[in-house]
Amino acid sequence: MTTTQTSVVQDLGTLAHRLSHPAGARCVCEPPQVLADRPDGTVVRSGAIVAKAHAADSDHEALAARIALAAAPQLTGILLPPLTAPGRSLTAPEPSGGPQHPEPSEPPAPAPRPVTLWPLGAPVDPTDPEAAPWAEAAVLLARLHRTEPPFRLPAMRGPAKAARAVARMRAALPGDPAALPVLAGWRALPAWARGEVPAPARRSGFLCHGDLHLGQLVRHPAPDGPWLLIDVDDAGTGDPAWDLGRPAAWYASGLLAPEDWFAFLDAYRSAGGPAVPADGDPWPELDVPARALTVQTAALALAKCAAEQRRPDEHEQLMIESCARIATLPPELAADHAS
């Protein structure tokens, strides 16, 4: 971890601790816990408060709209609401009296990363895959997709994230043949799925999460409250099928068990989700998003392997091989999306 990363983590921990710890009370809290530390999001917990430093290149106006969406009454019971709205950059907190957790010996220079504060939720247990809340996630998505946008929002960032993943892979593996299957799968996608043009108009006006996976669900209040969606950094209006794309891609590649996929799909349909027809074959709507999320996952896997100087593991190799297959499939299923 670089000095800058360490400062960000420490400062986030102090911010979360200040909010969760009564002023003037003797501190017996556990040290802050790092939940995630990536360039696009550093997340630190102290007590019942979670502080998040968003990406340095965040569009502040778009982020503010997304945080406001999470706080909107229309999204109660669907999205975890924030404790604060964005509007400040991360800086070293001023010292306060009483025992404290360790802080940087010298305050770091202000970092241009907007910070938000959130209540702590209980995440999905990665050690108990049979208890994964696929049906609950599907119902939340259906409710999100059926909700009328309460105000003007930016476009859902799913296709842009896929494009960023491919760019990251290209930078990590310039001219490497290992990237060729992924690039072939990428070139086979319509322009909207690569983030080059807007999605077709009839599919672009729905509220979308933009980055759905099981890590985006928590129970709140912890530990037994209802499931809610978190992380609205990519939320906005767009094609709701994108939010089904990752589980669809995992099912198609063999990473998601058929019973989990059908539980997810059936729950989504039963809740009136608009991304797919109420019955019949869902793949004409899911084909393009599933392909795009396959490419994104494979591209990120190759970039990570290059950084860690290792070969892809079994799951990563499945996604890379899926890219080679989808690049050879006929484009008929994508025709409606590409029009």
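**View 1. P289 and its partners from elsewhere in the chain.** Setting aside neighbours within four places in sequence, P289 touches W192, A241, W242 and G245. This is a predicted model, so please read each view here with that in mind. P289 belongs to helix α8, and a relative accessibility of 0% places P289 among the buried residues, since buried means under 20%. For a distance to set up in your viewer, try the C-alpha atoms of P289 and A248: they are 8.5 Å apart, although 41 residues separate the two along the chain.

**View 2. R291, another residue of helix α8.** R291 sits in helix α8. Its relative accessibility is 7%, so R291 counts as buried. Here too A248 is a handy reference: between the C-alpha atoms of R291 and A248 there are 9.0 Å, with these positions 43 residues apart along the chain. R291 also appears in the next view, as one of the α8 residues that meet α9.

**View 3. Helix α8 crossing helix α9.** The axes of these two helices come within 8 Å and cross at roughly 130°. An angle of that kind makes α8 and α9 oblique to each other, and the crossing is left-handed. From α8, the contact takes in R291, T294, V295, T297, A298, A301, L302 and C305, while α9 brings E316, M319, I320, S322, C323 and I326. Sorted by class, the residues of this contact are 9 nonpolar, 3 polar and 2 charged.

**View 4. The buried side of helix α5.** Look along residues 180-187, which form α5, and you will find V182, L183, G185 and W186 buried. These residues span an arc of only 160° around the axis, which means they lie on the same side of α5. Among the elements that cover them are α4 (158-172), α8 (283-308) and α9 (314-326).

**View 5. Helix α3 alongside helix α7.** Helix α3 (residues 134-146) packs against helix α7 (residues 258-270) at an angle of about 30°, and their axes are 8 Å apart. That angle is why α3 counts as roughly parallel to α7. The crossing of α3 and α7 is right-handed. On the α3 side the contact involves W134, A135, A137, A138, V139, L141, A142 and H145; facing them in α7 are D260, A263, F264, A267 and Y268. The contact of α3 with α7 comprises 11 nonpolar, 1 polar and 1 charged residues.

**View 6. Helix α3 with helix α6.** Helix α6 covers residues 241-253, and its axis comes within 10 Å of that of α3, with a crossing of roughly 150°. The pair is therefore roughly antiparallel, and the crossing of α3 and α6 is left-handed. W134, L141, L144 and H145 of α3 meet D243, L244, P247 and W250 of α6. By class, this contact of α3 with α6 has 6 nonpolar, 1 polar and 1 charged residues. W134, L141 and H145 should look familiar from View 5, where they take part in the contact with α7.

**View 7. Stepping back to the chain.** To place the close-ups, it helps to have the overall picture: the chain has 10 helices and 10 strands. Of its 339 residues, 47% are buried. Among contacts with a separation of 6 or more, 75% link residues 24 or more positions apart. The pairing of P289 with W192 is one contact to look up again in View 1.

Notes. Residues are numbered from 1 along each chain as its sequence is written. This is a predicted model: local features need pLDDT of at least 70, side-chain atom pairs count only at pLDDT 80 or more; totals for chains, interfaces and linings use all residues. Side-chain values use heavy atoms; hydrogens and water are left out. Buried means under 20% relative accessible area, exposed over 50%, partly exposed in between (1.4 Å probe, protein chains only). Helices (H or I, at least four residues) and strands (E, at least two) are DSSP runs, numbered from the N terminus. The arc is that of the directions from the helix axis to the C-beta atoms. Contact means heavy atoms within 4.5 Å. Axes are lines fitted to C-alpha atoms, for helices over the stretch in contact, and angles run from 0 to 180 degrees between N-to-C directions. Angles under 35 degrees count as roughly parallel, over 145 as roughly antiparallel, 65 to 115 as roughly perpendicular and the rest as oblique. A crossing is left-handed if the near helix is turned anticlockwise from the far one by less than a right angle, and right-handed if clockwise. Ala, Val, Leu, Ile, Met, Phe, Trp, Tyr, Cys and Pro count as nonpolar, Asp, Glu, Lys and Arg as charged, and the others, Gly among them, as polar.
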